[in-house]
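Let's take a walk through this one, stopping at the spots a bench biochemist might want to look at. Have the viewer open as you read.

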Amino acid sequence: MLAELSVMILRWMRRNATGNIIRAHQRYGKTTAIRHTVDILRSAYPGILVYSPICRSTLRPSEKAFFERLLFWTENMTPCDGTAAKMRDRLSDFLIQEAERSGQNKIVFCFDEAQKLWEAQYDWMIDVHNELRNAQIDVTVFLFGQNELVDQRTRYRARSKDHIYGRFMREEFEMKGLCNVKEMEHCLTSYDDPEVTCYPRGSGWCYTRYYFPEAYALGWRLQQLAGQIWTAYEEVRAANGDALPHVEVSMESFFSVVGSIFIDIGDRKESSPRISADELASMVVESGYGSAPPADPGIEPIEDEEPTA
Amino acid sequence: MTRRLCWPLAAFRRNESLWLILTKACVFNYLRSAAIDREFRLKPADKFAALPFFSLRDLRCSAHYDLNLLATAAVIDVAYFASAGVDQIVPVRSNFSRWWSWKHLVFCRPCLANGFHSTLFLLRGVESCPLHGGTLIRSCPNCSHSLPYVLAREPRLTLECKECGSTIGEIGDTRRRGSVTEDYSKFEAALRSVRLVCETARSSELFVFSRTYTAPQPAGLAEANVPYHGQRFLRYVCEIHAEEANEAESLFGSKSTHCVVSRPPARRSRQRTRRTDDAVQQEYYRRLARLYFSVRRRMRHRLKSTQRSLNSFLLQPGGVRAEDWTYLLMRAFWENLSVAQLFDSGRDDEFSENAYLAELGSDIHAAARSYFQFLPLTDGSFDCEQITWANLHAWTILHRYLLVRVGHALRTGTKPEQIYTSFGSAFTEDAPFLILRQRSEPPLLELHSWPVPEWIPPECEDTPEAQKGATC
């Protein structure tokens, strides 16, 4: 998924796009994708300025608060000083100077939780965009947010807010979870490869070798569990009825399951680790996939006391 | 996370003053001075510990600000701020403002129009811009009120007089590349010379300036005055560099010789002695004598030993410094008189005060005899006529400087032979030789000295340098 995102991001950058949407369900790894995007952009465009502000929930849009947050995320020394107008000027001048120093005439904003942006805040962002364009600096805005962004885009389009729609929301990219066993196997392979994931850091060991040293020495790899884990997800989905149309595993759930395997199963010190389907199903449910986790059987439920008359 | 300021590289140059740096930082970041102070000013405790001679809002003192943090925020080398404060150039002592720098804003209008202002303009004695050669502006042309050297509450690029409201100057907005036409790297040479002068003055109270600096002096100044005045010397430095920058004919000739210049004075009383008028000299000595006897009367129970007497005398606030003692000693020495005889040349109608002087001279002479053994000049060819008041004073201070260093070396256990070796190699060209021998019983230092090099007049440039021969 990140590989596809990288291709798309670089394509947009080559086209000098002004802004697009990257959307996904919650806990699908959007914030991690932002970090990945920053890395990709910095390697493709050395010295490029990439800022990743996190949007906050507010009752109403405030110009001062908006520019203060932007100054904060652009690492300005004095983000809170001055009036809103001065903050605007400071932000524009600051970004122009930073871009001149960077050697690139591009600045990228990756807004996290972009569905929280108000219409007025898009307008202010347009102002910044225009001022920087005046100084021959291209600004690209990637809106990372939940699928709610698509609804916003539809509304802006319906209300002929083309300056927002056309500038920041022209195209979209949907980040999906793990949709088949091959993708899951690919992810699990990373845990077996010390060149991809090294743990402890700098040791030259992979996660699988660290948690299953004996089994790893005998040739056992975590990727062998891909089919079993996938089956567990399917079983949990079946147990939850038809609430989920198809199996799509969020990255957080997947990482949680893998972490449980490492910690719980790794403690057994087996030369050929065996995991039962029930154990895996329990891990999947605990990871937040599907329904809420079942009550812990070891804890008795507290009986409600009747109100006294 | 390193937070940064908007710092257009084209708008800032090396060797700018802290006032202009902070003003520009405020203007370009749309900030009030309070915000800059909040971010970069050190805590009061640190400030007082650093430099107690400055007031808290004195921008001449760069030690009040965290320049490293400022350089980090500006993403530039901290060497850009090497000359931001006066304290980075001249030695900071008491009476700092009176003798070294102006408290108010002094600027060169063309430089300011190019967005440049240097701390060098604040130094007393600097009367012209080393780059443009024009006169510096010190006050409002309309009402003559001086401009405070502080950061305005809301700094702007326009300088206005607070009294009459007229515009005095304009700081050039040089954010765009190529907007500055002057080459301010030339300023570096002038500043380097000034720093050399001040650094040497800080460490040794004497500096040897090696550059084109032969006579004749500029008109209107007595010869004896020239090497005396550190302030004026700074002015010459700037004038020289202005000539070089503008490729004008040098006022000071073309032959490079060494000029020995004494440290600028620290008290008004010393200023009087610079005048060659004998009456003024006598007046200064009388003042010394009165001070000496007042101290002796008040503290006679502490003055049983000569060393205590000397210490008490030196430690008096506003009193006489060690240089004064040495000055008197050396003058008497060079004129082949006792100090008492030196003081005994007053007029008869001021008998009472001259009696003071004679007594003071006797005391000093006795004190000197107890510490130093002045050996007589053997060749007898010493010509007092060649000794100008200027180089006499300069060499006197040099002697004192050497004595301090030698005394320190002796206290730290260095053998006299080693001291001679080290000083002999250090001062073979510029200083008279000095041999010290230490006797253990009684504790005595033997001072052997050579004649002072001659002051080379302009018509005698081809004459050999001053002879340096052993005299004892």
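Does Asn15(B) count as buried or exposed? At 7% relative accessibility, Asn15(B) counts as buried. Keep in mind that this is a predicted model, so every value here is computed from predicted coordinates.

**Around the start of chain B**

Asn15(B) sits in the segment before helix 1 of chain B. Its backbone is worth a look too: Asn15(B) isn't a glycine, yet its phi is positive, at about 65°. For background, most residues other than glycine have a negative phi, and most peptide bonds are trans.

A neighbour in sequence, Arg14(B), has its charged end over the ring of Tyr80(B), 4.5 Å from the ring centre. Chain A has a similar item to look up: Arg221(A) lies over the face of Tyr216(A), 3.8 Å from the centre of that ring.

Zooming out, chain B has 16 helices and 7 strands. Of its 472 residues, 52% are buried. If you take the contacts in chain B with a separation of 6 or more, 67% of them are between residues 24 or more positions apart. The accessible surface of chain B is about 22300 Å², and carbon and sulfur atoms own 50% of that.

**Ring on ring**

How many aromatic pairs does a search of the whole structure find? There are 24 over all chains. Here are two of them:

| Pair | Centre to centre | Angle between planes | Geometry |
|---|---|---|---|
| Phe212(A) and Phe262(A) | 6.1 Å | 45° | tilted |
| Phe12(B) and Phe28(B) | 5.8 Å | 90° | edge-to-face |

What does the chain A pair tie together? Phe212(A) is in the loop between helix 9 (207–211) and helix 10 (213–217) of chain A, while Phe262(A) belongs to helix 12 (residues 251–265) of chain A, so the pair links parts that are 50 residues apart in sequence. Both partners are tucked away: Phe212(A) is buried, with a relative accessible area of 4%, and Phe262(A) is buried as well, at 3%.

The chain B pair does a shorter-range job of the kind. Phe12(B) lies in the segment before helix 1 (18–29) of chain B and Phe28(B) lies in helix 1 itself, so this pair ties together parts 16 residues apart in sequence. Phe12(B) and Phe28(B) are both buried.Back in chain A, ring pairs join Tyr191(A), Tyr199(A), Tyr207(A), Tyr210(A), Tyr211(A), Phe212(A), Trp220(A) and Phe262(A) into a cluster.

One member of that cluster, Tyr199(A), also takes part in a backbone feature. The peptide bond from Tyr199(A) to Pro200(A) is cis, with omega near -10°. You'll find Pro200(A) in the loop between helix 8 (181–192) and helix 9 of chain A.

**Cysteines without partners**

How many disulfides does the structure hold over all chains? The count is 0. Take Cys206(A): it is in no disulfide, and the nearest cysteine sulfur, that of Cys198(A), is 8.6 Å away. Cys206(A) is also buried, with a relative accessible area of 0%.

In chain B, the sulfur of Cys164(B) has its closest cysteine sulfur in Cys140(B), at 3.5 Å. A disulfide needs the two sulfurs within 2.5 Å, so 3.5 Å is too far for a bond. Cys164(B) is partly exposed, with a relative accessible area of 38%.

**A helix with a buried face**

Now for helix 3 (residues 63–73) of chain A, where Phe66(A), Phe67(A), Leu70(A) and Leu71(A) are buried. Why do the buried residues line one face of the helix? Looking down the axis of helix 3 of chain A, they fall within an arc of 130°, so they share one face. In general, an α-helix has 3.6 residues a turn, so residues three or four places apart point the same way.

What do these buried residues pack against? Their partners are helix 4 (84–102), strand 3 (106–111) and helix 5 (119–134) of chain A. After helix 3 of chain A comes Glu75(A), with a positive phi near 65°.

**Two arginines in chain A**

Arg27(A) is another residue that isn't a glycine but has a positive phi, about 65°. Its place is the loop between strand 1 (19–23) and helix 2 (30–44) of chain A.

Arg167(A) is in helix 7 (residues 162–168) of chain A. Leaving out residues up to four places away in sequence, Arg167(A) touches Thr18(A), Gly19(A), Ile126(A), His129(A), Asn130(A) and Asp162(A). One of these, Ile126(A), is 41 residues from Arg167(A) along the chain, and their C-alpha atoms are separated by 8.2 Å.

Definitions and conventions
Residues are numbered from 1 along each chain as its sequence is written. Chains are lettered from A and ligands numbered from 1 in the order in which they are written. This is a predicted model: local features need pLDDT of at least 70, side-chain atom pairs count only at pLDDT 80 or more; totals for chains, interfaces and linings use all residues. Side-chain values use heavy atoms; hydrogens and water are left out. Buried means under 20% relative accessible area, exposed over 50%, partly exposed in between (1.4 Å probe, protein chains only). Rings of Phe, Tyr and Trp (its six-membered ring) pair if their centres lie within 6.5 Å; planes under 30 degrees apart count as stacked, over 60 as edge-to-face and the rest as tilted. Helices (H or I, at least four residues) and strands (E, at least two) are DSSP runs, numbered from the N terminus. A charge sits over a ring if NZ of Lys or CZ of Arg is within 6 Å of the ring centre and within 35 degrees of the ring normal. Contact means heavy atoms within 4.5 Å. Accessible areas come from the Shrake-Rupley method with a 1.4 Å probe; for residues, only the protein chains shown count as cover. The arc is that of the directions from the helix axis to the C-beta atoms.
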